[in-house]
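Dear colleague,

Please find below the structure that I am handing over to you, followed by an account of what was found in it. I would be grateful if you would read the two side by side.

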Amino acid sequence: RALVVSLFFKSYLAISRKLCDAGIMPLDAVPALERSGADSFHTPILRSAQLFERVSTDQASHDPIGKPKLHVAALKQTTGEAIYTDDIPRMDGELYLDFVLSTKARAKITKLDASEALAVDGVHAFFSAKDLTEHENEVGPVFHDEYVFANGEVHCYGQVIGAIAADNQTLAQRAARMVRVEYEELQPVIVTIEQAIEHKSYFPNYPCHVIKGDVEQAFVEADHIHEGSCRMGGQEHFYLETNAAVCVPRDSDELEMFCSTQHPSEVQKLISHVVNLPANRVVCRAKRLGGGFGGKESRSIMVALPVALAASRLRRPVRCMLDRDEDMLTSGTRHPFLFNYKLGFTKEGLITACDIECYNNAGWSMDLSFSVLDRAMYHFENCYRIPNVRVSGWVCKTNLASNTAFRGFGAPQGMFAGEHIIRDVARIVGRDVLDVMKLNFYKNGDFTHYNQQLERFPIERCFADCLKQSRYHEKRAEIARFNREHRWRKRGIALVPTKFGIAFGVLHLNQAGALINIYGDGSVLLSHGGVEIGQGLNTKMIQCAARALGIPIELIHISETSTDKVPNTSPTAASASSDLNGMAVLDACEKINKRLAHIKAELPEGTWQEWISKAYFTRVSLSATGFYALPNIGYHPETNPNALTYSYYTNGVGASVVEIDCLTGDHQVLSTDIVMDVGSSINPAIDIGQIEGAF
């Protein structure tokens, strides 16, 4: 109702302004303060600049590291020639799989009848929990607490109950709607974190705690005590390519899976579990993904496993690519979080204590929610030193699609709480929030609440550079003037620092492998454990190999990620893939260099092609594997107190100016300045692309 009145008033202002300009009404009929209320937003002409460290360019050198090299698939992607999973040509006898999804949030399935669907010409099979043993049907990335097909009970709207295999997509989707499902609804249905708290609906072993110092004593000594809370909702991944899989049976006991996944080894492992084959009979391949953002780290199994089962049972190729509505319905989002905190701080605004409760909404199964909570608990203080801390965390079990990994993996939610805290303190002590930030920033040598010492911590430099680059103080004065002159449009400026720890939270994932094959003509085929999701990982790996081998990048090619080239890979996630896989690539290249050393000594003026030819004819192996395990990590307060939680941190500071229309709530970002410290960039063009894309 308020919006209708606002729009009516907006149109009144617009018409009045036109009448004033036409001389029909007096010019002062609409006060100057109110005239801009008639305006609506238009997309401004985009202006941008990217600044990065320049590396010296020696013309004779092939070293591409530190140079803004073009993404190796950029031209194919912009012309539409790049092949994604569903672009693989249709095969003879191929079937399409579509899903029967739950229409209740929590219910018992009392009847499941596919007879009407199976009677349709061109429908070949229906699969449900009855087609698997209880053990085969239980799956999950860490804990096997979810099902390929709902097992007698549904736990969320959109849970997969069964799958129809038919001649084509249209027919499969029509037949899936013909499958009759009857339910007996169960109570309670829990959707929000507040409802989960009310019903004490938590996963086992929670709450968990991280404690440093003496919080209670610090509260006694504090000048101010403040209690507050903040919440953050979910977010759709909205990758351009929805979840997709194509599975082809090879021989009677082999499966080849083409899958849009960030974690081919996980898909391989769970397919082998579901179809009861050893992992060496299942190959999972991923050439490139049309985006992932964490949504394809563990949730791609929802499509891949039923497709593999159908291909295995029917001995025919089977394909599925979800429509956007199906993908959004079934795949889960970023974790919603609720934070309740109690702060102690001095009258100057120095924070001395924080007791914070973190609740995340996991959805109906655990998935990776425990690890997301850990990272949120480790990032809640953001860039601010708090000497006395008690962090408590709960993973809430609700009747939503299982929430999952999403860019930042709990850290953005944690830092969101930290930024609320710093603003609360600034407001209460009556100081500028920038001054309170600077007062509380970590310094070199400080320890976090999980006992990691910060070395070379660059946040103050990023902060100063961002203030200067964004003309922060100048803009703030302009904004104050604008807000005085406009009643219905207001502007604001905000500055946010960040600290993000680099490493997987689970120790064994911090490893990577690579395989390098060199052919007689000197060309190099490189394979590694990471997946190209559009983020430029393959480009960086080619740059690493080019530097290590001393050859032009044009000689190196990466075809795909495949479990038969590099086994037991970690997911491409956690902002760790170029670090881990790059080191594995270097390891493989060093082995090749050692084998070629005596040949280079014999032919010091030779070309790369001549050295490779000589190596082949003198029976020197031109294939090598590489491996890397991240050292010195795996912190645990009792069992491994001297190890690190994170290998290092990336830091950044961003400042944005935003304008809002007070009548409609419409808004527009007018300008943004970001200063990031990601160390010495392997490829500034790709790193800036990632930063801008993330923003």
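A cavity, as the word is used here, is a set of grid points where a 1.4 Å probe fits but cannot get out, and its lining residues have an atom within 4 Å of a point. Please note that this is a predicted model.

**Cavities**

With that definition, three cavities of 30 Å³ or more are found in the structure.

I begin with the second largest, which has a volume of about 80 Å³. Its lining consists of 15 residues, and those nearest its centre are Gln511, Ser570, Pro571, Leu580 and Asn581. Strand S19 (511-518) and helix H18 (577-602) are the elements that each give two or more residues to this lining. By class, the lining of the second largest cavity comprises six nonpolar residues, nine polar residues and no charged ones.

The largest cavity has a volume of about 180 Å³. It is lined by 17 residues, with Glu146, Tyr147, Val160, Arg299 and Met302 the closest to its centre. Two or more residues of this lining come from each of strand S5 (146-147) and helix H10 (301-314). H10 gives the most, namely four residues. The lining of the largest cavity divides into eleven nonpolar, four polar and two charged residues.

**The second largest pocket**

Among the pockets, I draw your attention to the second largest, whose volume is about 1,700 Å³. A total of 42 residues line this pocket, and Ala49, Gln50, Gln469, Asp673 and Ile674 are the closest to its centre. The elements that contribute two or more residues to the lining are helix H15 (459-469), strand S25 (667-677) and helix H20 (684-694). S25 supplies the largest share, with ten residues. The lining of this pocket is made up of 19 nonpolar, twelve polar and eleven charged residues.

**Domains and separations**

The domain assignment of the chain lists domain 1 (1-38), domain 2 (46-53 + 456-507 + 635-694), domain 3 (86-187 + 248-318) and domain 4 (511-629). Between the C-alpha centres of domain 1 and domain 3 there is a distance of 57 Å.

Two residue separations may also be of use to you. Isoleucine 161 belongs to strand S7 (residues 160-166), and this residue counts as buried because its relative accessibility is 0%, where the limit for buried is under 20%. Its C-alpha atom is 50 Å from that of arginine 489, a residue 328 positions away along the chain. Glycine 158 occupies the loop between strand S6 (153-154) and S7, and is likewise classed as buried, at 4% relative accessibility. The C-alpha atoms of glycine 158 and alanine 73 are 35 Å apart, with their positions 85 residues apart in the chain numbering.

**Aromatic pairs and charges over rings**

Across the whole structure, the search finds 14 aromatic pairs. One of them joins tyrosine 202 and tryptophan 394 in a tilted arrangement, 6.3 Å centre to centre and with 45° between the planes. This pair links distant parts of the chain, since tyrosine 202 is in the loop between helix H7 (193-198) and strand S9 (208-212), tryptophan 394 is in strand S17 (residues 388-397), and the two are 192 residues apart. How accessible are these two partners? Tyrosine 202 is partly exposed, at a relative accessible area of 22%, whereas tryptophan 394 is buried, at 11%.

Another pair, formed by tyrosine 616 and phenylalanine 617, is edge-to-face, with 5.1 Å between the centres and 70° between the planes. Here tyrosine 616 is exposed, with a relative accessible area of 53%, and phenylalanine 617 is exposed as well, at 66%.

Ring pairs also connect Tyr378, Tyr450, Tyr646 and Tyr649 into a cluster.

Finally, there are charged groups placed over aromatic rings. Lysine 342 lies over the face of phenylalanine 219, 4.6 Å from the ring centre. Arginine 489, named above for its separation from isoleucine 161, has its charged end over the ring of phenylalanine 41, at 4.5 Å from the centre of that ring.

Yours sincerely

How values were computed: Residues are numbered from 1 along each chain as its sequence is written. This is a predicted model: local features need pLDDT of at least 70, side-chain atom pairs count only at pLDDT 80 or more; totals for chains, interfaces and linings use all residues. Side-chain values use heavy atoms; hydrogens and water are left out. On a 1 Å grid over the protein atoms alone, a cavity is a set of points where a 1.4 Å probe fits but cannot get out, and a pocket is an open set with protein on both sides within 12 Å along at least five of seven lines; lining residues have an atom within 4 Å of a point. Grid points are joined across faces, edges and corners, and a volume is the space filled by probe spheres set on the points. Ala, Val, Leu, Ile, Met, Phe, Trp, Tyr, Cys and Pro count as nonpolar, Asp, Glu, Lys and Arg as charged, and the others, Gly among them, as polar. Domain bounds come from an automatic or database domain assignment. Rings of Phe, Tyr and Trp (its six-membered ring) pair if their centres lie within 6.5 Å; planes under 30 degrees apart count as stacked, over 60 as edge-to-face and the rest as tilted. Buried means under 20% relative accessible area, exposed over 50%, partly exposed in between (1.4 Å probe, protein chains only). A charge sits over a ring if NZ of Lys or CZ of Arg is within 6 Å of the ring centre and within 35 degrees of the ring normal.
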